[in-house]
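Here is a short tour of how two chains meet and of the pocket found in the model. Please have the coordinates open as you read.

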There are 2 protein chains.
Amino acid sequence: MIPAGGSAPESVRVRRAWLERAWIGAGAQARVADDVLVEVADGRFTRVEAGWRPGQAPESAPAPSAPRVPGLTVPGLANAHSHAFHRALRGRTQAGRGTFWTWREQMYALAATLDPDSYRRLATAVFREMVATGVTTVGEFHYLHHRPDGGRYDDPNAMGHALVEAAAEAGLRITLLDTLYLSSGFGRAPEGAQVRYSDGDADAWLARVSDVRPADHLVVGRAYHSVRAVPRGQLRAHDPADGPLHVHLSEQVAENEACLAATGLTPTGLLAEAGALGPATSLVHATHLTDADVALLGSSGSWACFCPTTERDLGDGIGPGRALHEAGARLSLGSDSHAVVDLFEEMRALELDERLATRSRGHWSAAELLAAGTAHASLGFADAGRIEVGARADLVTLDTTSVRTAGTGADEATAVFAAGGADVVLVVVDGRVVHERGQEAEVGRQLAAAISETWAGAGA
Amino acid sequence: MIPAGGSAPESVRVRRAWLERAWIGAGAQARVADDVLVEVADGRFTRVEAGWRPGQAPESAPAPSAPRVPGLTVPGLANAHSHAFHRALRGRTQAGRGTFWTWREQMYALAATLDPDSYRRLATAVFREMVATGVTTVGEFHYLHHRPDGGRYDDPNAMGHALVEAAAEAGLRITLLDTLYLSSGFGRAPEGAQVRYSDGDADAWLARVSDVRPADHLVVGRAYHSVRAVPRGQLRAHDPADGPLHVHLSEQVAENEACLAATGLTPTGLLAEAGALGPATSLVHATHLTDADVALLGSSGSWACFCPTTERDLGDGIGPGRALHEAGARLSLGSDSHAVVDLFEEMRALELDERLATRSRGHWSAAELLAAGTAHASLGFADAGRIEVGARADLVTLDTTSVRTAGTGADEATAVFAAGGADVVLVVVDGRVVHERGQEAEVGRQLAAAISETWAGAGA
């Protein structure tokens, strides 16, 4: 494994690279260019130049050789919604009929078993899987705070710190979305596995979270689990200066109905009433919305974080992605339950599921889908997600000669509509090489060991 | 490349293998078993025995060593609906807005360029991509019969024979579904690229098709392109003794509306009137059906061939898969336009898209989805698709230690819900090894060369 963090040897830092082809620039100016020379210092791009040829020295220095990187290089991907421990459920919840709610029971059985050490080992393996598929920032929606009986660990943030350590070990940045979870439903106390989620009230939660210290590779954000889990009186206005706030929103019709019955408002309306929407807020799923909800999310400049492969897996439905965008909201993507860890699949699923819902094509350009897959800003890393001078030096290189990508044009449509995580050959985070093709087998072994340990702890 | 066909050297024939884990048996009896010894003679399984240990000799002979095959082995997959040349469109039709019908214009531009030699090279590469992802029989829905100007080739079946040769070279079986295409719409003559599709009338088509000789690895089947393309008076009753008949059915609402307007019947009703439904008939897509259509397809014992990743890509919608099954129809799967070539993705998409449509889980068991992905019987190979004595000796082995499959249980849910084409490490067709991990790069090169040649021919 390539060491990450301050102890990384010089040899794995990228100083110069000659990219065969890369998606460079930002926003509407982003484009695919050939022969892109990048230079990196202190983890940021200091030079990004298309049409480069060896022998062209920068004016200030003799020309060191720049290793050529074949393939199509795109910015690092942002996995804006993760519950790392759900990875242990992959392939194990598909037997028999059921709903989101029966799936949740299986997930809770797993949630009851983890402690800081086992969680660190599991999350390290899961984060390495993400890295191997091109993810450079993960937003970890974290609510397994306390001991299974609800008692505090000696370090009340032991579970959160385990996730932070796991990310450092895997070599990607993390936004720890420390989650407030106070009730099992409208007017119902936490029960079962949920007792380890609860801090008792919002003040105790904020006091605990304030002890987690941000770092260059760590943003400490906040989350309200959902309007089911946070009583109306505990929802606070969110100041964007406090960093990202994420909330599960309207994933299920039943949640909307319960919210309306209890409060007379939709979940979106309730969050708007509390002042919790805005440009630092991400609403996760945002599936079953009224027109008024869409307008509120748009006018507040909030993010909608879609998790299409999970929404397929859980039968959530297809959210109004394009309508949210037209209303002014921004879109991000997450692999959520990790039934699939492949942000390329999430990017195309945003478009493809909208096609299923509308029976027409072309809702999103490939550039827009890449923007949704690189929405590091929704995680508080506004300086990542694009290959341009000054940005964090993340690179994800795709094999354009695989059975999936050969013959497709090697452009942004290749990345979004043909490639998959299996095509990732190189991943650089903040100027450090954190994954190269050939290391997947080791990641697979680490996943198998950690998941086996997790289920042994669950008595399965 | 491993040679296929009668010239294959003995060294690539499987005589015995010790499978770490395999999905054995058929139908409701199929199950995952450990340590499965298989023996093969003349391309068929002669022994399938679970719980085997080395040293257990068959009674009749000393025990030769059986090479151990790690991973999970499943039966060969059947790709029941393919248009090989569409692979050249992957990643190239995603720009801008559009519908099924604008996509079709791009596809037609490509269709105008191919000749028997270039088609053989392209199809060989595409079939090798299929083999690399576990496909052992392809159903090629073939309508590029004649010269671009409608003139006959010296061999009127030159294009069909090119496909048959391509399959032999790639090492998989083929069902050539030679397609009748007479009209551009209800009452409209073929136009543009369509002139090369038409045989003039059904009798001329049948006469031409009768010159293609079946073989052990080749079933010659028939297809009606669609009710748009075959006038009512040219639709014939189908005798199952004549082999498979495939028809595109109700992929688009506009087709249904035009059919109703022209005939007073739904497309399903029109085929039923002609006597074209039945146990040898596959209806491809079967997306927009009335309850009466579903009942007709079920009571006739017809197959419905779903192509979920294409139906997502083209915005077709989600067909009533489970309702068709409950009514008595059987389900098969195809990768159709090859936006994706991954039957594992098609298998899970059948379930996942039904979840999106219904907001509940568990419509299909993993065993049922595997059955849909191995429906060789719908292609006239009733003796393939299961690992049991007497069946054709196809094996597809999946890596159960990859980042996708590690920790998932290594059972049928792993195959259907976690694995992908990239996890295929070994493919055996009729007892011959036709693909092993490590050969993908060569397949990618072959695809790139053939697709580049195709577009050069199209002037692009």
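The text below goes through the contact between the chains and then the largest pocket.

This is a predicted model, in which local features need pLDDT of at least 70 and side-chain atom pairs count only at pLDDT 80 or more, while totals for chains, interfaces and linings use all residues. Residues are numbered from 1 along each chain as its sequence is written, chains are lettered from A and ligands numbered from 1 in the order in which they are written, and side-chain values use heavy atoms, without hydrogens and water.

Let us start with the contact (heavy atoms within 4.5 Å). Chain A brings 56 residues and chain B 55 residues. About 4400 Å² is buried between them, with 53% from carbon and sulfur atoms; buried area is the accessible area (1.4 Å probe) lost on putting two parts together, summed over both. Of the area that chain A buries against chain B, A:L356, A:R361 and A:V403 supply 19%, more than any other three residues.

Four salt bridges link chain A and chain B, each a side-chain nitrogen of Lys or Arg within 4 Å of a carboxyl oxygen of Asp or Glu. One of them joins B:R361 and A:D313 at 2.9 Å, N to O.

Now for the residue classes: Ala, Val, Leu, Ile, Met, Phe, Trp, Tyr, Cys and Pro count as nonpolar, Asp, Glu, Lys and Arg as charged, and the others, Gly among them, as polar.

| Surface | Nonpolar | Polar | Charged |
|---|---|---|---|
| Side of chain A that touches chain B | 19 residues | 19 residues | 18 residues |
| Lining of the largest pocket | 10 residues | 12 residues | nine residues |
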